[in-house]
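Trainee: I would like to learn how to read a structure like this one. Could we begin with a turn?

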Amino acid sequence: MLPNIGDVFSGKVVSTVPFGSFVEHPAGAHGLLHGQQAEVGSSVQVKVLAVDAVQQRFSLELA
């Protein structure tokens, strides 16, 4: 299940890539926190910026 645009949640950083970090939503989906290199395993407060239901992904920013 994907979150809605504007949702704010606390998620766990599951991986980092050169262009950002992937954060796990409480429902299990992973979203991209673009441009932020967070430590894997840390908890971050994020806000959903965009949702792509077709490709089952979503974009995040720090909340």
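Mentor: This is a predicted model. Begin with the hairpin that β2 and β3 form, with five residues between them. In that turn, G28 has a positive phi of about 110°.

Trainee: In which sense do β2 and β3 pair, and over how many bridges?

Mentor: Strand β2 pairs with strand β3 (residues 30-34) in the antiparallel sense, over five bridges. To follow one bridge, start from F22: its partner in β3 is L32.

Trainee: How should I picture the side chains along a strand?

Mentor: In a regular strand they alternate between the two faces of the sheet.

Trainee: Which strand does β1 join, and how do the two run?

Mentor: Strand β1 (residues 8-17) is joined to strand β2 (residues 20-24) by five bridges, and the two run antiparallel. K12 stands opposite E24 in β2. These strands also form a hairpin, with two residues between β1 and β2.

Trainee: How many helices and strands does the chain have?

Mentor: There are zero helices and five strands, so the radius of gyration is a useful next value: at 10 Å, close to the 11 Å that the globule rule gives for 63 residues, the chain is as compact as a globular protein of that length. The C-alpha trace spans about 25 × 20 × 20 Å along its principal axes.

Trainee: What share of the residues is buried?

Mentor: Of the 63 residues in the chain, 30% are buried. As for the surface, the chain exposes about 3,800 Å², and carbon and sulfur atoms supply 53% of that area.

Key: Residues numbered from 1 in each chain as written. Predicted model: local features only at pLDDT ≥ 70, side-chain atom pairs only at ≥ 80, totals over all residues. Heavy atoms only, no water. Helix = DSSP H or I, 4+ residues; strand = E, 2+ residues; numbered from the N terminus. Rg over C-alpha atoms; globule rule 2.2 N^0.38 Å. Buried < 20%, exposed > 50% of the residue type's maximum accessible area, 1.4 Å probe, protein only. Areas by Shrake-Rupley, 256 points an atom, 1.4 Å probe, with all protein chains shown as cover. Pairing = 2+ DSSP bridges.
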